[in-house]
Number of protein chains: 2
Amino acid sequence: MDFQERASQAIRDSGGRMTAQRQIIVELLADAHEDLDADGLFQQAHACDTSISLATVYRTLNTLEAAGLVRQHYNSRDHDRKVYQLIEADAGYHFTCRNCRRVIHFESALVQQIKQMLEMEFGVQVMNACVCMDGLCPDCQTAQLIKGA
Amino acid sequence: MDFQERASQAIRDSGGRMTAQRQIIVELLADAHEDLDADGLFQQAHACDTSISLATVYRTLNTLEAAGLVRQHYNSRDHDRKVYQLIEADAGYHFTCRNCRRVIHFESALVQQIKQMLEMEFGVQVMNACVCMDGLCPDCQTAQLIKGA
DNA sequence: TACGTTATTGCAACTCGTTCTCAATAAGAG
DNA sequence: CTCTTATTGAGAACGAGTTGCAATAACGTA
């Protein structure tokens, strides 16, 4: 059962309806090679169906997240927008350079360990983790030193 | 040298001026027992000096953060507002229940390990880490089960 | 297959944290 | 004390995300 079938299933199980708009959004998410934000998704969806609205994109993303099909992240240092990815995709995390805004993607088993610690220690069920780091990339550290000298 | 002196120093070093408004905000931050958001800080500052403006609070917080004196976090699941704390305070992280919004504060050496890994592997200098977890607290897990049955 | 209920949609107006503009003020070097 | 210019207060502006409402359409049922 692929993602789209599972999505239909999950939506219907919770009393929802699988509409053409949701179908489009689900397909775009399943085909995405990188995290997408609501507006990017809207641009793409609009190319398929010019009548689709941004509000529907937001509502669908929230529905999918509530159904446990999609994960919401904040990647950038200033958390200025949410990005979305399939729950089954590898969760990647991001470091953003304060100065040049370069983004470095990383993965780490340590995040998983933090989740486990929380589940063990507090009995919670962790459903999403947002890990954003920021600071200076190697280039900007050097630039900073030169400027300071 | 306490925080306020260091703050004055750092601000002056970068060509800034230590104003009465900044003094108030720095004091409030130094005395805070918990993370504060801009509005909370504004309320308190307003009690000291009714003429202080919210814009100044925001500007000062950004100045302090750029000077490396203050840390910005997002604690809640929806990242709806930034909270601030002294850089020298213990950085705590937060788990938020999706259902009842209860917040569980936690600390973990693992976050520190992630920073070290990034510094080793990519040569970056990590200046801030935002780690937000969400999911279901023990009570809401139980409630969920009952509802589903 | 047609019907009726009601979830979903598009649109536009709205929310609200945060930033910006700009004229007025004041810090602090000289 | 003076001059330069960083900083301020007030309010407008910004922008991601949400919401109210009337119109539309999904899908269980007859």
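This is a short tour of a predicted model, with a suggestion at each stop for what to select and what you will find there.

**Stop 1: the interface between the chains**

Colour chains A and B separately and show the residues where they touch. You should find 37 residues of chain A in contact with 37 residues of chain B. The area buried between the two chains is about 3,200 Å², and carbon and sulfur atoms contribute 64% of it. Polar contacts are here too: 13 residue pairs between chain A and chain B, both residues at pLDDT 80 or more. Now highlight strand S5 (103-106), helix H5 (109-122), strand S6 (125-136) and helix H6 (138-148) of chain A, each of which supplies at least two residues of the side that touches chain B. The largest share, twelve residues, comes from S6(A). By type, that side of chain A divides into 21 nonpolar, nine polar and seven charged residues.

**Stop 2: strand against strand**

Keep S6(A) selected and add strand S6 (residues 125-136) of chain B. The two strands pair in the antiparallel sense over eleven bridges. To check the register, pick A:Val126, whose bridge partner in S6(B) is B:Gly135.

**Stop 3: salt bridges across and within chains**

Two salt bridges join chain A and chain B. For one of them, select B:Arg98 and A:Glu65, where the closest N and O atoms are 3.4 Å apart. B:Arg98 sits in the loop between strand S4 (93-97) and strand S5 (103-106) of chain B, while A:Glu65 belongs to helix H4 (residues 54-66) of chain A. B:Arg98 is partly exposed at 21% relative accessibility, whereas A:Glu65 is buried at 5%. Add B:Asp134 to the selection and you have a network of salt bridges linking A:Glu65, B:Arg98 and B:Asp134.

Next, stay within chain A and select A:Arg98 with A:Asp134, a salt bridge with its closest N and O atoms 2.7 Å apart. A:Arg98 is in the loop between S4 and S5 of chain A and A:Asp134 in strand S6, 36 residues apart. Here A:Asp134 is buried at 4% relative accessibility.

Then move to A:Glu88 and A:Arg6, which meet in a salt bridge at 2.6 Å, N to O. A:Glu88 lies in the loop between strand S3 (82-86) and strand S4 (93-97) of chain A and A:Arg6 in helix H1 (residues 3-13), so this pair ties together parts 82 residues apart in sequence.

**Stop 4: a sheet in chain B**

Finally, show S1, S3 and S2 of chain B: in that order they form an open, antiparallel sheet. Strand S1 (36-37) and strand S2 (70-74) are at the edges with a single partner strand each, so one side of each has no neighbour in the sheet. To see S1(B) meet S3(B), select B:Leu36 and its bridge partner B:Tyr84.

How values were computed: Residues numbered from 1 in each chain as written. Chains lettered and ligands numbered in written order. Predicted model: local features only at pLDDT ≥ 70, side-chain atom pairs only at ≥ 80, totals over all residues. Heavy atoms only, no water. Contact = heavy atoms within 4.5 Å. Buried area = accessible area lost by both parts, 1.4 Å probe. Salt bridge = Lys/Arg side-chain N within 4 Å of Asp/Glu carboxyl O. Polar contact = N/O pair within 3.5 Å; in protein donor to acceptor, adjacent residues only side chain to side chain. Helix = DSSP H or I, 4+ residues; strand = E, 2+ residues; numbered from the N terminus. Nonpolar A, V, L, I, M, F, W, Y, C, P; charged D, E, K, R; others polar. Pairing = 2+ DSSP bridges. Buried < 20%, exposed > 50% of the residue type's maximum accessible area, 1.4 Å probe, protein only.
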